[in-house]
Amino acid sequence: MLKHSAFPEPVVAHHSGRPAEGERRPLVVLLHGRGSNEQDIVGLAGHLPETAEYVALRAPIAEGGGYAWFANRGIGRPRAESLRETMDWFTAWIDGFAGERPVYLIGFSGGAAFAGGLVLDRPQRFAGAAILYGTLPFEAGVPVDPGHLTGVPIFVGQGLDDVVIPRELLDRTWNYLKDDSRALVRALRVSGGHGISVPMLEELRIWLGDQIAGDPSDSGAHERP
């Protein structure tokens with residue numbers, strides 16, 4: 001049981017059921033977008049490598065017909081105190097749930113900002129993170145100084161025609177991760193708007209498979225028409 005009174009116990013959706021007791025595959029946590037829920041993203045696991053265990057977590061803040069990872073002060077701009085509370089809630093859960101296994105984060109939209117906050121807050125805790133169609137949580141209490149993610153595997157994926165997340169934030173995220181952070185980055189921009197495209201999903205599958213296999217090759221930035 002979590003001892004964070006502000007939020008409920010985590011609701012977790014398991015891809016293909018719960019793993020057998022003692023199974024030690026790497027854990028991939030799928031983080032849905034704002035106003036969505038865990039069921040909307042757990043199906044993504046069916047397109048990713050079978051060498052990992054996948055779970056989707058429900059965000060702890062009810063919002064409209066779904067849930068959110070933080071209160072915000074504008075699209076892509078979390079309130080620092082809210083992000084801190086939800087990151088602490090997540091940390092208490094993941095440290096018990098994952099144990100010593102490698103943990104990868106895959107976040108979409110609002111979930112991307114949350115995944116970014118988590119990996120910026122504790123860079124050595126996570127084996128890697130995918131920031132999909134979203135922004136890092138700038139000016140929200142997590143460090144974004146140069147070199148802060150040195151050596152951390154990061155996949156950043158954006159739609160060239162995305163008009164949901166402010167372009168300034170998408171560009172700032174792209175530039176920080178690709179250059180200033182010193183992370184091991186696979187950066188990809190593809191045609192399309194605010195939704196995971198087939199080309200993006202295929203590149204994500206390859207990247208994650210390489211990370212799990214211990215081959216972080218082909219980092220760099222790419223655009224596709």
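This short talk walks through one predicted protein model, from the overall fold to a few individual residues.

Good morning. Let me begin with the chain as a whole. The model before you is a prediction, and its chain has 225 residues, of which 51% count as buried. Its secondary structure consists of four helices and ten strands. Reading from the N terminus, the order of these elements is β-β-β-β-β-α-β-α-β-β-α-β-α-β. If we take the contacts with a separation of 6 or more, 77% of them are between residues 24 or more positions apart.

I turn now to helix α4. This helix covers residues 198-213, which is 16 residues. From its first C-alpha to its last it reaches 23 Å, close to the 22 Å expected at 1.5 Å a residue. Which residues of α4 are buried? They are M200, L201, E203, L204, W207, L208 and Q211. Looking down the axis of α4, we find these buried residues within an arc of 160°, so they line one face of the helix. V198 and A213, on the other side of α4, are exposed.

What do the buried residues of α4 pack against? Their partners are strands, namely β2 (27-31), β3 (53-57), β6 (103-108), β7 (128-132), β8 (153-159) and β9 (184-190).

The two ends of α4 also deserve a remark. At the N-terminal end, S197 acts as a cap, with a side-chain oxygen 3.2 Å from the backbone nitrogen of M200. Just after the helix comes G214, which takes a positive phi of about 80°.

One of the strands just named, β8, contains Q158. Is Q158 buried or exposed? Q158 is buried, and its relative accessible area is 1%. Its side chain nevertheless has polar partners: one of its polar atoms lies 2.9 Å from the backbone oxygen of L170, and a polar contact of 3.0 Å joins it to the side chain of R189. Beyond four places in sequence, the residues that Q158 touches include Y133, R167, W174 and M200. M200, as we saw, is one of the buried residues of α4.

A second buried residue is L177, in helix α3, which spans residues 167-180. L177 also has a relative accessible area of 1%. How many residues in sequence separate L177 from L136? They are 41 residues apart, yet their C-alpha atoms are 9.1 Å apart in space. L136 is among the contacts of L177, together with I131, L149, I154, V156, A183 and V185, when neighbours within four places in sequence are left aside.

Finally, the aromatic rings. A pair of aromatic rings is described by the distance of the centres and the angle of the planes. In this model there are seven aromatic pairs. Take F90 and W93: their ring centres are 5.5 Å apart and their planes stand at 65°, so this pair is edge-to-face. F90 and W93 lie three residues apart in helix α1 (residues 80-98), about one turn of the helix, and both residues are buried. Ring pairs join F90 and W93 with W69, F97 and F114 in a cluster.

Rings also meet charged side chains here. R172 lies over the face of F138, 4.0 Å from the ring centre. The charged end of R125 sits over the ring of F126, at 5.9 Å from its centre.

Thank you for your attention.

Note on methods: Residues are numbered from 1 along each chain as its sequence is written. This is a predicted model: local features need pLDDT of at least 70, side-chain atom pairs count only at pLDDT 80 or more; totals for chains, interfaces and linings use all residues. Side-chain values use heavy atoms; hydrogens and water are left out. Rings of Phe, Tyr and Trp (its six-membered ring) pair if their centres lie within 6.5 Å; planes under 30 degrees apart count as stacked, over 60 as edge-to-face and the rest as tilted. Helices (H or I, at least four residues) and strands (E, at least two) are DSSP runs, numbered from the N terminus. Buried means under 20% relative accessible area, exposed over 50%, partly exposed in between (1.4 Å probe, protein chains only). A charge sits over a ring if NZ of Lys or CZ of Arg is within 6 Å of the ring centre and within 35 degrees of the ring normal. The expected span of a helix is 1.5 Å times one less than its number of residues. The arc is that of the directions from the helix axis to the C-beta atoms. Contact means heavy atoms within 4.5 Å. A polar contact is a pair of N or O atoms within 3.5 Å; within protein, one must be able to donate a hydrogen and the other to accept it, and residues adjacent in sequence count only if both atoms are side-chain atoms.
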